[in-house]
Number of protein chains: 2
Amino acid sequence: MKKSITVVDIAREAGVSVSTVSRVLTGNAKVSESKSIAIKKIIEKYNFHPNALARGLINTKSNMIGILAADIRNPYYSALFVSCENAALERGYNLTLFNSFSDRLKEFELIEKIAQQRVDALILLGGAPDDLVTDTEFADKINIISDSIPVLITGRLDGTNCTRININNQKAMSLVMEYISSHKHLKKVAFAGGSSKVYSTSILRSCYKNLLRQYGLEYIPEFDVQNNRYDDDGGYEAMNTILSNNTVPDVVIAINDFAAVGVMRSINEHNLRIPDDISIISFDDTYISTLVTPHLTSISYNYWAFGETIIENAIRLIDGKEVPPELLIEPKLIIRDSCR
Amino acid sequence: MKKSITVVDIAREAGVSVSTVSRVLTGNAKVSESKSIAIKKIIEKYNFHPNALARGLINTKSNMIGILAADIRNPYYSALFVSCENAALERGYNLTLFNSFSDRLKEFELIEKIAQQRVDALILLGGAPDDLVTDTEFADKINIISDSIPVLITGRLDGTNCTRININNQKAMSLVMEYISSHKHLKKVAFAGGSSKVYSTSILRSCYKNLLRQYGLEYIPEFDVQNNRYDDDGGYEAMNTILSNNTVPDVVIAINDFAAVGVMRSINEHNLRIPDDISIISFDDTYISTLVTPHLTSISYNYWAFGETIIENAIRLIDGKEVPPELLIEPKLIIRDSCR
DNA sequence: CTGAAAGCGCTAACAT
DNA sequence: ATGTTAGCGCTTTCAG
């Protein structure tokens with residue numbers, strides 16, 4: 001491990017002062033053509049890169065954005081992270097990623113850690129901001145952090161002034177219901193999985209009930225199974241519950257792709273066919289939706305634009321610009337093979 | 001955004017010098033009980049945290065480890081990342097993550113960027129080090145980087161002295177073959193997917209051939225389909241090719257879980273049953289293996305230990321300690337329902 | 001045990 | 001256009 005070379009070394013070899021070197025590095029001031037070229041050559045020669053720490057120290061800016069995600073192993077978050085990364089890189093920012101696994105203690109701990117790292121902004125992807133009713137202790141913590149850096153979240157965090165970037169869930173459910181109602185044979189509509197304590201899910205569920213009425217479809221309580229789960233086994237259980245009734249639904253809305261997979265398993269085990277006997281629509285449109293057979297008709301979010309919106313606004317905030325309190329990501333329905 | 005408070009502020013309020021404050025911060029020297037308590041109280045009061053940038057600048061150490069992964073959306077990498085994160089956090093390090101999507105240009109660019117960020121070590125998860133024959137230009141680049149920080153990789157990078165952490169692929173394939181040979185009805189063994197240009201795959205494939213012979217099983221060239229792919233459609237195509245022959249294999253080894261899903265799709269479409277007609281064994285044991293029905297019998301790696309080994313050795317290297325040139329992660333076979 | 005002071009590598013006034 | 005200098009916030013000799 002050899003000692004890394006500094007502006008002083010470059011300056012000495014070029015026979016100029018450090019500030020001249022700094023000037024060609026930043027491009028913030030004029031430097032004579034000849035010196036500039038000479039300096040660049042030496043920089044090249046030694047593969048020199050200015051120390052980001054020193055730079056960060058001087059303008060109290062690290063060019064790092066901290067991301068605290070619920071779980072990067074979930075394709076929803078990894079898709080979002082990747083698009084954030086892309087947007088950040090394009091704008092000269094790096095990302096440092098942490099996972100809370102939705103463990104409140106870990107969230108507190110990591111937020112502390114990230115703030116200490118002197119990131120320029122903090123982004124919370126899921127976790128505590130997913131709660132329908134805000135953990136006030138958590139909100140307090142965020143309020144302390146957001147005194148020094150902007151904090152952006154997906155979800156809500158009442159009592160804070162975090163910028164919220166959310167999926168337009170109303171729109172998402174309307175898309176689903178519009179599609180269902182346009183298929184006259186789809187009468188009995190079930191909804192499987194999710195938790196009433198989760199903000200986005202609660203929106204989805206209330207829209208589900210309202211729209212059902214609006215489209216003249218019956219709301220059947222037995223077909224609305226809320227079991228606090230978002231995984232395949234949760235979908236499986238929910239569907240088993242639904243199918244334990246006397247009647248079979250025409251279509252089931254699964255809270256996400258994972259739940260949809262479980263729903264499919266249950267349907268198959270009941271010797272029913274998809275989509276001939278039961279249609280399925282899911283949320284999130286992760287790669288899971290095309291991994292299964294039949295491919296899932298699913299609500300998609302344009303993760304690309306989603307991440308870009310998050311990062312773009314994080315940087316606006318870093319730069320001291322104004323940003324609306326909430327930004328909505330418009331969903332669309334991707335029609336595949338799971339609906340008849 | 002209020003100006004963040006510094007050691008100077010703390011020192012002033014405590015009526016001591018900054019060095020005393022620094023001493024209680026680092027714990028590297030004795031401070032009188034009374035002053036120490038007073039200082040800690042003030043630190044607490046203001047929720048003060050030393051600026052990581054300034055700290056990093058002074059000991060030329062950022063406590064950040066850079067990870068360049070091929071694609072975090074792949075469950076193999078996200079599982080690995082999460083375990084790396086856990087191990088790093090436990091040891092006082094943070095991770096900064098980048099994705100190359102196995103694009104060579106992007107890899108060059110990002111490596112540059114990471115090095116500039118003054119990470120204490122660089123970890124390459126897949127990408128260029130996956131190549132069976134090393135890209136010498138890439139190796140050159142890595143050699144420059146590894147002059148200043150340790151570089152660890154999964155895979156190989158000939159002509160560099162990177163520490164390699166790899167899965168024991170020989171062992172992995174023996175486990176598979178041992179299992180197959182212990183089932184007397186499993187005679188015709190197919191292998192689907194993967195690329196001969198990938199280091200790990202080439203090991204797997206040569207072991208497949210050797211062990212077949214060793215166990216007295218026939219190597220059938222038509223059953224060995226190499227198509228440079230690692231996704232479900234790749235598995236699907238490979239299996240279609242295999243099934244285009246006159247005979248049907250008893251068991252197919254899929255290069256990973258994704259390929260296995262495609263293999264299953266193909267088998268189903270041929271109206272064959274799993275595992276009654278054809279058994280399947282896959283590599284990687286990601287969550288995909290329990291998402292599908294039947295659950296996949298799969299080679300698993302203990303991602304937890306995998307990540308821990310990577311980080312542990314990265315830190316050993318950072319601390320100037322010796323580390324063996326290659327470390328092997330021992331696989332095991334998780335038996336589920338895809339084999340008869 | 002404590003304080004003064006130097007300096008990590010860089011940038012941005014401030015001179016010239 | 002270029003050099004000199006003063007820090008950014010912290011740790012660490014070096015004195016005392």
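This report walks through a predicted model of two protein chains and two DNA strands, from the pairing of the chains to a few backbone details.

## How the two chains are related

Two copies of a chain are related by a rotation about an axis and a shift along it. Here, a turn of 180 degrees with a shift of 0.0 Å along the axis lays chain B on chain A, and the RMSD of that fit is 0.1 Å. That is the relation of a two-fold axis. The same surface serves both copies, since 100% of the contact residues of chain B recur in chain A.

If you would like a landmark for the axis in your viewer, try B:T96. Of the residues of chain B, B:T96 comes closest to the rotation axis, with its C-alpha at 2.1 Å.

## The contact between chains A and B

The interface brings 39 residues of chain B into contact with 39 residues of chain A. Several elements of chain B each supply at least two residues to the side that touches chain A: the helices α4, α5 (75-90), α6 (104-116), α7 (136-148) and α11 (257-269), along with the strand β2 (94-99).

For anyone thinking about chemical character, that side of chain B divides into 18 nonpolar, 14 polar and seven charged residues.

## Around DNA strand D

DNA strand D is surrounded by 29 residues, and the closest of them are A:S19, A:S32, B:T6, B:S19 and B:A54. Both chains take part through the same pair of helices: α2 (18-26) and α4 (52-58) of chain A, and α2 (18-26) and α4 (52-58) of chain B, are the elements that give two or more residues to this surface.

Which element gives the largest share of the surface near DNA strand D? It is α2(B), with six residues. By class, the surface near DNA strand D has 13 nonpolar, twelve polar and four charged residues.

## Around DNA strand C

Turning to the other strand, 28 residues surround DNA strand C, and the closest are A:T6, A:A54, B:S19, B:K30 and B:S32. At least two residues of this surface come from each of α2 and α4 of chain A and α2 and α4 of chain B.

For DNA strand C, the largest share of the surface is the five residues from α2(A). The residues near DNA strand C divide into 13 nonpolar, twelve polar and three charged.

## Helix packing at the start of chain A

Helix α2(A), which contributes to the surfaces near both strands, also packs against helix α3 (residues 33-46) of chain A. The axes of α2(A) and α3(A) come within 10 Å and cross at roughly 85 degrees, which makes α2(A) roughly perpendicular to α3(A). In this contact A:T20, A:V21 and A:V24 of α2(A) meet A:K35, A:S36, A:I39 and A:K40 of α3(A). By class, the contact has three nonpolar, two polar and two charged residues.

Helix α3(A) has another partner in helix α1 (residues 7-14) of chain A; their axes lie 10 Å apart at an angle of about 130 degrees. That makes α1(A) oblique to α3(A), and the crossing is right-handed. From α1(A), the residues A:I10, A:E13 and A:A14 meet A:A38, A:I39, A:I42 and A:I43 of α3(A). This contact has six nonpolar residues, no polar ones and one charged. A:I39 appears in the contact with α2(A) and in the contact with α1(A).

## A helix pair in chain B

Further along the sequence, helix α8 (residues 169-181) and helix α9 (residues 199-214) of chain B have axes that come within 9 Å and cross at roughly 40 degrees. That makes α8(B) oblique to α9(B), and their crossing is right-handed.

On the α8(B) side the residues are B:N169, B:Q170, B:M173, B:S174 and B:M177, and they meet B:S200, B:I203, B:L204, B:C207, B:Y208 and B:L211 in α9(B). The contact has seven nonpolar, four polar and no charged residues.

## Backbone details to look at

Most residues other than glycine have a negative phi, and most peptide bonds are trans. A few places here depart from that pattern. In the loop between α11 and β9 of chain A, A:N271 has a positive phi of about 60 degrees although it is not a glycine. A:P275 lies in the loop between α11 (257-269) and β9 (279-283) of chain A as well, and the peptide bond from A:I274 to A:P275 is cis, with omega near 5 degrees.

Chain B offers a cis bond from B:T293 to B:P294, with omega near -5 degrees. B:P294 is found in the loop between α12 (288-291) and β10 (297-300) of chain B.

Methods. Residues are numbered from 1 along each chain as its sequence is written. Chains are lettered from A and ligands numbered from 1 in the order in which they are written. This is a predicted model: local features need pLDDT of at least 70, side-chain atom pairs count only at pLDDT 80 or more; totals for chains, interfaces and linings use all residues. Copies are superposed by least squares on the C-alpha atoms of residues with pLDDT of at least 70 in both. Two residues are in contact if their C-beta atoms, placed from the backbone, lie within 7 Å. Axes are lines fitted to C-alpha atoms, for helices over the stretch in contact, and angles run from 0 to 180 degrees between N-to-C directions. Helices (H or I, at least four residues) and strands (E, at least two) are DSSP runs, numbered from the N terminus. Angles under 35 degrees count as roughly parallel, over 145 as roughly antiparallel, 65 to 115 as roughly perpendicular and the rest as oblique. A crossing is left-handed if the near helix is turned anticlockwise from the far one by less than a right angle, and right-handed if clockwise. Ala, Val, Leu, Ile, Met, Phe, Trp, Tyr, Cys and Pro count as nonpolar, Asp, Glu, Lys and Arg as charged, and the others, Gly among them, as polar. A residue is near a molecule or strand if its C-beta atom, placed from the backbone, lies within 6 Å of it.
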